[in-house]
Amino acid sequence: MEDAAPTGPEPHEKIDTIYDEDGRLRSDWYEALRVEVEAGEAEALRKRMEPLHESETGDVIEALPADDRVRLVRLLGDAFDYSALTEVDDSVRIELMEELPNAEIARGVADLDNDDAVYILEDIDQDDRDEILAQMPAFDRISLKRSLDFPEDSAGRRMQTEFIAIPPFWTVGQTIDYLRTNDDLPDDFYQIYVVDPGFNLLGTIPLDRILRVQRATRIEEIMNTQIRQIDATLDQEEAARIFERYDQIEVAVVDESKRLVGVLTIDDIVDVINEEANEDIHRLGGVGDEDISRTVPGVVRSRATWLLVNLGTATLASLVIGLFDGTIQQMVALAVLMPIVASMGGVAGTQTMTVTVRAISQKELDKNNAWRLIRRELLVGLTNGLIFAVLLGLITGFRFANPELGLVIAMAMVINMIVAGGCGILIPLLLNRLKVDPAVASSTFVMTFTDVIGFLAFLTLAGWWFGLF
């Protein structure tokens, strides 16, 4: 008797992974999920989704069509882990929150860590947010409102309000007994905070130190008084820089009165670093906070502003070309060659600009090293300009059988590459001084300058050299 053909895993079975070898959702698993969602099979869905990590649930939500996302959450009911909403694109989370009743959101976020709950609630309209908070337990409501009162993208918004604080006069034995018997402790923690009656931070104790000393030892004798703390109003990017600079795992957060109000942990900071890096990349491309889940109207709004600015700057470049229309008519080869000079300058300027914007965002560029970097980029521009001037000059001279034309484009190349290097660093520095985000605005202005100077230098030199004016 032949063995029965193997069948796919039942929804309740634990499987190794929902991903294929390329890291994408397995098509068989995904299609089975879609069938269960569309058929409204709530019990099968709960069994299928139960083994998943919150990040895997987030991937599933993003993969589903908009209508099926809402249907999935509603079918899962109490079994849906709202922490998965911290793993999806902002546009997906906001769209999903708009479709769910406030009472359901209040129930879901009440079970989350404070930082995850704040992350979900901060993008909801104020009226809906107030209604959600009003339906939560008093302690959770007060804690969340306090965090939401801090500025957006601040350490106060990212912090966890669950931490362990003890007085300095306790012994190690008392502390260990407290940790063993108290059921209301954070799920994960790396150190214990020592505070006075006013909750001012006195010191910290890593867990490993607690385990290495005698029970009778007083906490104040072993606590670390070299305290590193972060103001709750500090920008999250600055907080991430402190973690990076001092190799921190967990840092205390204090309010304006220097009272301990929360902690930042490395898992939160990893998310901040990723978020800020993505934001810088998007801004350099002029697409704001766009993500792949954004709708067509949202994408149009995100891109249209800088496309409009670029239209204006491109018009400026065309006006420069228009000043030399007579010169171009007399020597058609100029029209063929001038885009090369402008394009090379644009690429060189963008290279310098990318390095400069990143250095500004990381606080690596200041008055102490700015002039050194400016001189370096000008020298790099000159060197690259000479290298490619020789190459392009030889190609042009042979192609058009005109060595003089090759010399002209070579000189224009050197000029534009030097200008590109200067613009690539000076424009971001100027925008930063004017309190304009250089990641957003630099690209358009750098490209404009290199185009204009490239056209102007090449056509002016050609007109003068060949007497075409």
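Which hand does the crossing of α18 and α21 have? In this predicted model, the crossing of α18 and α21 is right-handed, and the geometry behind that description can be followed through the two helices themselves. Helix α18 covers residues 333–361 and helix α21 covers residues 438–465, and the two pack at an angle of about 150° with their axes 8 Å apart. Since angles over 145 degrees count as roughly antiparallel, α18 and α21 are therefore roughly antiparallel to each other. The residues that make up the contact of α18 with α21 fall into 17 nonpolar, eight polar and one charged.

Before the other helix pairs are taken up, the chain as a whole deserves a description. The chain contains 21 helices and six strands. Its radius of gyration is 30 Å, well over the 23 Å that the globule rule gives for 469 residues, so the chain is more spread out than a compact globule. Along the principal axes, the C-alpha trace spans about 95 × 75 × 55 Å. Of the 469 residues, 45% count as buried, and among the contacts between residues at least 6 apart in sequence, 66% join residues at least 24 apart.

Helix α18 also packs against helix α20, which runs over residues 403–433; the axes of α18 and α20 come within 8 Å and cross at roughly 30°. Because angles under 35 degrees count as roughly parallel, that crossing makes α18 roughly parallel to α20. Here too the hand can be stated, for α18 passes α20 in a right-handed crossing. By class, the residues of the contact of α18 with α20 divide into 19 nonpolar, eight polar and no charged.

Helix α21 has a further partner in helix α16, residues 296–322, and the axes of α16 and α21 come within 9 Å and cross at roughly 10°. That angle makes α16 roughly parallel to α21. The contact of α16 with α21 has 12 nonpolar, four polar and one charged residues. On the α16 side, the residues that meet α21 are Trp306, Val309, Asn310, Thr313, Leu316, Ala317, Val320 and Ile321. On the α21 side, they are Val440, Ala441, Thr444, Thr448, Asp451, Val452, Phe455, Leu456 and Leu459. As background to such lists, an α-helix has 3.6 residues a turn, so residues three or four places apart point the same way.

Asp451, which lies in helix α21, can be looked at more closely. Its relative accessible area is 22%, and Asp451 is partly exposed. When its neighbours within four places in sequence are left aside, Asp451 is in contact with Ala317 and Ala342. By contrast with these contacts, Asp451 and Ile205 are 246 residues apart in sequence and 59 Å apart in space, C-alpha to C-alpha. Another residue to examine is Leu386, placed in helix α19, residues 370–399. Leu386 is partly exposed, with a relative accessible area of 46%, and Leu386 and Ala410 are 24 residues apart in sequence and 7.8 Å apart in space, C-alpha to C-alpha.

Turning to lower residue numbers, helix α3, residues 54–63, holds the buried residues Glu56, Thr57, Gly58, Val60 and Ile61. What covers these buried residues of α3 includes α1 (27–39), α2 (42–49), α4 (66–76) and α5 (90–99). Ser143 is found in helix α9, residues 138–148. Because buried means under 20% relative accessible area, Ser143, at 13%, is buried. Apart from its neighbours within four places in sequence, Ser143 is in contact with Asn114 and Thr161.

Two loop residues complete the picture through their backbone angles. Most residues other than glycine have a negative phi. Asp153, however, has a phi near 65°, a positive value in a residue other than glycine. The place of Asp153 is in the loop between α9 and α10 (155–158), where Asp153 is partly exposed, with a relative accessible area of 29%. Phe199 likewise has a phi near 65°, again a positive value in a residue other than glycine. Phe199 sits in the loop between β2 (191–195) and β3 (201–206), and at 35% relative accessibility Phe199 counts as partly exposed.

How values were computed. Residues numbered from 1 in each chain as written. Predicted model: local features only at pLDDT ≥ 70, side-chain atom pairs only at ≥ 80, totals over all residues. Heavy atoms only, no water. Axes fitted to C-alpha atoms, helices over the stretch in contact; angles between N-to-C directions. Helix = DSSP H or I, 4+ residues; strand = E, 2+ residues; numbered from the N terminus. Parallel < 35°, antiparallel > 145°, perpendicular 65-115°, else oblique. Left-handed = near helix turned anticlockwise from the far one by under 90°. Nonpolar A, V, L, I, M, F, W, Y, C, P; charged D, E, K, R; others polar. Rg over C-alpha atoms; globule rule 2.2 N^0.38 Å. Buried < 20%, exposed > 50% of the residue type's maximum accessible area, 1.4 Å probe, protein only. Contact = heavy atoms within 4.5 Å.
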